[in-house]
Each structure stands twice: as C-alpha cells, then as structure tokens.
Amino acid sequence: MDALKFALVLLPLLTGCQINYLASSAYNQMKLLNARVPIEQALKDPNISDQEKSKLELAQKARTFAENDLHLKSTENYTSYVKLDRPYVTYVVSAAYKWELKHYQWSYPFVGKMPYKGYFNEESAKEQEVELQQENLDTYMRGVSAYSTLGWFKDPLLSSMLRYKDYDLVNTIIHETVHATLYIKGSADFNERLAMFLGNKGAEQYYLKVEGENSPTLAAIKKDNEDDKTFSKFISEELRDLATWYKNIPEADHTERRRMERIAGIQEKFKTQVLPKMKTKNYEKFATTPMNNARLLVYKTYLSDLADFETLYQQSGNNFQIFIERCKALEKEKDPAQKLKELIGTTNESELRANIPTTETQLDQKKKESKIPTH
C-alpha cells in the first residue's frame with residue numbers, strides 16, 4: 001500500500017483539518033519513497049562520499065545484527081537510501097499545558113494519541129507552534145533526522161541520519177527496529193522509552209561483538225549510557241515533584257514568573273548536583289536551555305524511569321529476546337508503564353530463572369514452544 005492509497009483509506013475517519021494534514025503528509029511521504037534508491041546502487045554513486053558509503057554499510061550491518069542477534073522483527077527497512085535537500089526529514093511540534101505537567105495530544109488512526117505532530121515542511125511546523133502558543137500552551141519545535149512508519153512502508157536510510165557518529169547510527173537503527181517490532185497504540189511515552197533503552201543496550205552488544213571488550217567505541221557507548229541512566233534518575237524524580245507542585249499550588253499563585261522560577265530550580269539543581277558527576281557533555285545544555293513544560297515532557301517521553309526497563313532486563317537474564325517477549329505481554333494494557341512497574345515488583349526470581357534458557361539448544365526449544373519466529 002503506497003502513501004496515496006493509505007491516505008484514501010483513512011479519509012472517511014478524519015475531520016476536515018485532519019484530511020488536509022494527512023493529504024500533505026501522504027504527498028510528502030510518497031515523494032520521499034519515490035526518491036529511494038537501493039543501497040547497492042547508492043554505494044556505486046560517485047556523488048556519495050566514501051564516508052557516507054561507510055555509514056551506509058555500517059547501517060546494513062546494524063540492521064542484520066538487530067534481526068539476527070537481537071531477534072527484532074525482520075523487515076526491509078533501511079535497504080534503500082534517500083538524499084534529502086534539507087538537514088532534517090521532518091519537524092516535530094510538541095505542546096503541554098502550563099499549570100499541569102501533561103502532554104497536549106493529537107489523535108491518529110491506528111496508532112492512537114501521540115504527544116507530537118510531525119511536518120515535512122518547517123514553515124508548517126512553525127505555523128502550528130504559533131497556533132498552539134495562541135491557545136496558551138507551552139510549545140517545543142525540533143528537527144528530526146529519523147523516524148519510523150511502524151511497518152506501513154519500507155523506511156529508507158536518510159542522508160540526515162549519516163551525520164550521526166557511527167555508534168549513534170547503530171543505536172538509531174536498533175531504536176527504529178524496536179518500533180517496528182513492538183508499538184503499543186496510544187502509549188507513545190512507553191514506546192519511546194523502550195526503544196531508547198534497547199537502542200542503548202543493542203549498540204553496546206553490537207560493538208562488544210564486532211570490536212571486543214577493549215573497544216574504545218564500546219567504552220564511549222558505556223559512558224553515554226551511564227549518563228542516560230544518571231539523567232533518567234534525576235529527571236524522573238524532578239518531574240514527579242513538579243507534577244505534585246502543580247497540583248498543590250494555589251490558583252492565586254499562578255503567575256508565569258513563579259512557574260519559570262520553579263522550572264529554573266530544576267535546572268540549577270542539575271547544574272550543581274548532577275552535571276559534575278557526568279562522564280560526557282551530552283546533557284550540559286540542559287542547565288542553560290530555555291525550558292518549559294513541553295521541553296520537559298520530551299525528556300519524560302524518552303528518558304523517565306529507564307530503571308524499570310533495566311530491572312526487567314536483568315530479571316529476564318539479560319536476554320534480549322525474553323525481554324522483548326515480556327514487553328509484548330503488555331501490549332493490551334491501558335497503562336503499560338504502570339503494569340511494567342507491577343510486573344517487576346512481583347516477579348518471582350526463582351521461577352523466572354527456571355524459564356530462562358541457558359544454552360542454544362534450550363533457546364531453540366523455547367522458540368518452538370512459544371512460536372517465536374527465527375531470523
């Protein structure tokens with residue numbers, strides 16, 4: 001099904017504004033797909049630099065690793081390439097209410113509610129942001145270098161992705177393949193945190209396999225991942241406290257100055273108590289970037305409560321495949337994040353260990369019993 005057919009199928013389900021948005025998105029998605037060339041052809045293109053070709057080859061290795069070693073879903077994603085005429089493939093707008101730590105959400109067919117809206121055109125994104133600001137909402141607009149169509153189309157590698165460092169590209173391929181493997185409708189925060197966690201774990205495993213324990217790349221990845229854990233712990237606690245503050249502050253004290261002072265306090269605490277402990281500079285801009293609820297909620301979407309996934313991963317015997325299957329069991333839950341907390345809190349460790357295969361033969365048997373597809 002191409003982008004145009006996809007749009008036509010959805011037309012009866014949408015309002016007038018949605019139809020215009022979908023028609024524009026479908027046109028641009030189809031334009032993107034029509035610009036694809038097979039990776040093999042791109043590797044022979046004299047107009048593509050050797051460095052870019054090296055990234056294309058790395059992406060293919062990461063894709064194979066994600067499917068064969070991590071047992072993520074086998075797809076035809078990233079087997080083609082598109083050279084963009086802009087630095088980002090899409091521009092995403094997020095919004096949030098000012099006196100409640102709550103996403104402003106958009107509803108979409110099939111995937112449910114989402115805390116962001118993407119545009120292929122930067123000006124359209126800016127127009128949407130202005131409209132939301134006029135509704136007295138906090139906003140945040142950002143460029144995006146990669147995204148997943150969740151299996152609707154064969155996603156290409158994009159020139160915007162080739163700007164990444166090598167191990168960030170590997171992480172991104174794994175991250176997006178997680179989305180193709182498991183995406184729970186209406187649970188964007190859970191989905192993004194799951195992909196964030198597994199992208200980090202998967203990149204570690206990739207470089208451990210191809211470069212070994214003494215790899216300098218692996219050492220750099222571990223530093224990045226440790227900082228993600230440190231920041232996750234900090235921001236998770238701070239956002240819970242901020243949500244409580246919003247609930248308890250008297251309405252008479254609802255002034256923008258008071259609100260900005262409270263948010264600035266989070267940044268100052270990070271600067272003095274957390275930043276000195278970090279091993280990289282990945283998060284140093286958090287202390288100085290203009291901040292509001294919309295920006296804070298992006299951190300919530302991608303980084304809050306990563307420790308819950310780490311606990312489940314350890315309870316799964318550090319086995320990627322078993323971890324994924326246990327996450328898939330949350331697919332029908334209304335609140336998979338809360339159910340995950342309950343799951344890791346009630347898991348019987350001895351029973352779990354008894355169910356974790358310890359040899360290749362046992363793993364093969366486990367696949368047969370659970371009908372897990374092999375790749």
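## Nonpolar cores and salt bridges

Outside its neighbours within four places in sequence, Phe323 makes contact (heavy atoms within 4.5 Å) with Leu194, Phe197, Leu198, Phe309, Leu312, Tyr313 and Ser316. This is a predicted model, in which local features need pLDDT of at least 70 and side-chain atom pairs count only at pLDDT 80 or more, while totals for chains, interfaces and linings use all residues. Residues are numbered from 1 along each chain as its sequence is written, and side-chain values use heavy atoms, with hydrogens and water left out.

The largest nonpolar core (buried Ala, Val, Leu, Ile, Met, Phe, Trp, Tyr and Cys residues joined through side-chain atoms within 4.5 Å) has 79 residues, and Phe323 is one of those touching the most other members, along with Leu157, Leu194, Phe231, Phe270 and Phe286. A second, separate core has ten residues, including Tyr21, Tyr91, Trp106 and Met141.

There are 23 salt bridges, each a side-chain nitrogen of Lys or Arg within 4 Å of a carboxyl oxygen of Asp or Glu. Among them are these pairs:

| Pair | N to O distance |
|---|---|
| Arg63 and Glu67 | 3.9 Å |
| Glu123 and Lys126 | 3.8 Å |
| Asp305 and Arg240 | 3.1 Å |

Asp305 sits in the loop between helix H10 (293–303) and helix H11 (306–315), and Arg240 in helix H8 (residues 216–248), so this salt bridge ties together parts 65 residues apart in sequence. Helices are DSSP runs (H or I, at least four residues), numbered from the N terminus. Asp305 is buried at 19% relative accessible area, where buried means under 20%, exposed over 50% and partly exposed in between (1.4 Å probe, protein chains only). Arg240 is partly exposed at 43%.

Note on methods. Helix = DSSP H or I, 4+ residues; strand = E, 2+ residues; numbered from the N terminus.
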